[in-house]
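This report looks at charged side chains that pair with one another, and at how open to the surroundings the paired residues are.

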Amino acid sequence: MTTAAPLLPPADWRDFLALTKPRVMTLVVFTGLCGMLAAPVQIHPVLGFTAILCIALGAGAAGALNQWYEADLDAAMKRTAQRPLPAGRMERQSALHFGVGLGAFSVILMGLAVNLAAAAILTVSILFYVLIYTVWLKRRTPQNIVIGGAAGAFPPLIGWAAATGQVALLPFLLFALVFLWTPPHFWALALFVKTDYANAGVPMLPVVAGEAATRRQIGLYTIPMAAAAVLPWPLGLTGAIYGVVAVAMTAAFCALAALVAAGATRGDTPMFWEKRLFAFSILYLFVIFGALVADRWFA
């Protein structure tokens, strides 16, 4: 005779918020907002707010579906073991329904209130993160971050399309910047949490190819990332405010990446430069995109 599994108590609202990965969402929303504000067309404030809300809800939906699918991996990693599903604070079905509902609502609202171009790109971004990255790539290849990084690169395109109804060269360069930024950013993290990924059986590059290969790839991906960051200035798509900030911040990023690529150490502190690169990479995108908006509005 089998005994039914005990029902979990209703999940707290904070658990549903945690499903949306709010820290990740912050950067997604910011780059989407900057893409919208950098566009040559000023969107109505109400429509602009709606567009950013839809981007946030879409990102939250992708995060929730990611955690629904990866509950077993999260349970095996110290860094994620206290998320709502592996910690046993929520039923998996609740996370699935929440993610699907949130994603559908965000796309429908974007299409009805803003425009179909932005809604279409938002749909692609959610499906790419859930199906291509989470379901297909994450457990199968160390290139999961490389290809899957496109999912987090869509927000500037969505923001621009929300304002203009179309896309142009500048948002594509911003897409390329975030896409190429993702491998150095995540591989820096993967270097100092390698054991977590190994325990969970996730084929992150440091686990399957070793630290030396990962450091080399960080250095290699930083080169085209730097080009994508600086290129809008000489192409005349931005002014000097963006150009000077992009050059300075990218030079600092390259210096840190070079230290990581070379395997440099500092005293007895393990993974000192890897942790510095990871932290700086987050600041880097905030400053670069902030400079883009300042250049558009104050130059």
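What follows describes salt bridges in this predicted model.

Side chains of opposite charge can pair when their charged atoms come close. A search through the whole structure finds eight salt bridges, and three of them are set out in the table below, each with the distance between its closest N and O atoms.

| Salt bridge | Closest N and O atoms |
|---|---|
| Arg14 and Asp12 | 2.9 Å |
| Asp72 and Arg139 | 2.9 Å |
| Asp74 and Arg83 | 3.2 Å |

The pair formed by Asp72 and Arg139 links distant parts of the chain, for Asp72 belongs to helix 4 (residues 71-76), while Arg139 sits in the loop between helix 6 (116-137) and helix 7 (144-148), and the two residues are 67 residues apart. Asp72 is partly exposed, with a relative accessibility of 45%, and Arg139 is partly exposed as well, with a relative accessible area of 30%.

Is Asp74 buried or exposed? Asp74 has a relative accessible area of 2%, and because buried means under 20%, Asp74 counts as buried. Its partner Arg83, on the other hand, is partly exposed at 22% relative accessibility.

In the pair of Arg14 with Asp12, Arg14 is exposed, since its relative accessibility is 51% and the cut-off for exposed is over 50%, whereas Asp12 is partly exposed, with a relative accessible area of 28%.

Salt bridges can also join into a network, as they do here for Lys194, Glu211, Arg215 and Glu274.

Notes:
Residues numbered from 1 in each chain as written. Predicted model: local features only at pLDDT ≥ 70, side-chain atom pairs only at ≥ 80, totals over all residues. Heavy atoms only, no water. Salt bridge = Lys/Arg side-chain N within 4 Å of Asp/Glu carboxyl O. Buried < 20%, exposed > 50% of the residue type's maximum accessible area, 1.4 Å probe, protein only. Helix = DSSP H or I, 4+ residues; strand = E, 2+ residues; numbered from the N terminus.
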